[in-house]
Amino acid sequence: MSPTSPPLRILLTGGTLDKVYDERTGNLVFSRTHLFDMLDQARCYLANITIEPVMLKDSLDMTEADRAIIRAAVARAPEHHIIVTHGTDTMTETAQVVAAQVTDKTVVFVGAMIPYSFGGSDALFNLGFALASARTLPPGVYIAMNGTVFDWRNVRKNRERGRFEPLHP
């Protein structure tokens with residue numbers, strides 16, 4: 001008998017991970033999620049993953065109402081292992097909102113510094129790392145970026161270095 005992984009829900013909220021380059025405007029925009037392509041490329045065909053689109057939004061444009069929608073989606077999910085795709089600029093703010101009311105689930109936020117649609121993106125690695133982290137960590141709210149799991153209270157995005165790092169090493 002092969003071991004089974006616990007059911008997992010992936011909530012899609014947008015961020016750089018899902019952006020594409022619009023050749024007409026020269027901007028990064030949303031057209032659709034790349035998550036299905038990413039799971040296919042990683043050969044992740046587990047039947048116990050549910051994908052729920054919540055929004056496709058740049059995290060700099062997220063409002064407190066958007067964060068409440070994400071928190072509600074996490075709270076109502078029947079699964080106890082959840083990944084939230086999210087933009088890196090305000091990921092910690094949304095994690096704080098979720099952590100304030102959701103204490104009995106493992107919630108892992110993940111994003112990318114470079115869009116999946118670009119060469120050299122960190123999106124696929126970050127997603128795979130988040131999948132493993134969400135299934136193995138105890139209940140709590142985390143951020144999985146750059147091969148490291150951070151407690152949401154002890155992480156910051158270092159824009160100059162293009163990575164996440166602990167607030168207090």
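Where do F125 and F129 lie, and how many residues apart? In this predicted model, both belong to helix α4, which runs over residues 123-136. The two are four residues apart, or about one turn of the helix. That spacing fits a general point: an α-helix has 3.6 residues a turn, so residues three or four places apart point the same way.

The count of aromatic pairs comes to one. Its partners are F125 and F129, with ring centres 6.3 Å apart and planes at 10°, so the pair counts as stacked, the cut-off for that label being under 30 degrees. As for how much of each residue shows, F125 has 52% relative accessibility and so counts as exposed, while F129, at 23%, counts as partly exposed.

Helix α2, covering residues 64-76, gives a chance to check a length. With 13 residues at 1.5 Å a residue, α2 should span 18 Å, and its end C-alpha atoms are indeed 18 Å apart, so the two values agree.

Which residues of α2 are buried? They are D66, R67, I70, A73 and V74. Looking down the axis of α2, these buried residues fall within an arc of 120°, so they line one face of the helix. E64 and R76, on the other side of α2, are exposed. As for what covers the buried residues of α2, the list includes the strands β1 (8-14), β4 (49-57), β5 (81-85) and β6 (106-110), along with helix α3 (91-101).

Notes
Residues are numbered from 1 along each chain as its sequence is written. This is a predicted model: local features need pLDDT of at least 70, side-chain atom pairs count only at pLDDT 80 or more; totals for chains, interfaces and linings use all residues. Side-chain values use heavy atoms; hydrogens and water are left out. Rings of Phe, Tyr and Trp (its six-membered ring) pair if their centres lie within 6.5 Å; planes under 30 degrees apart count as stacked, over 60 as edge-to-face and the rest as tilted. Buried means under 20% relative accessible area, exposed over 50%, partly exposed in between (1.4 Å probe, protein chains only). The expected span of a helix is 1.5 Å times one less than its number of residues. The arc is that of the directions from the helix axis to the C-beta atoms. Contact means heavy atoms within 4.5 Å.
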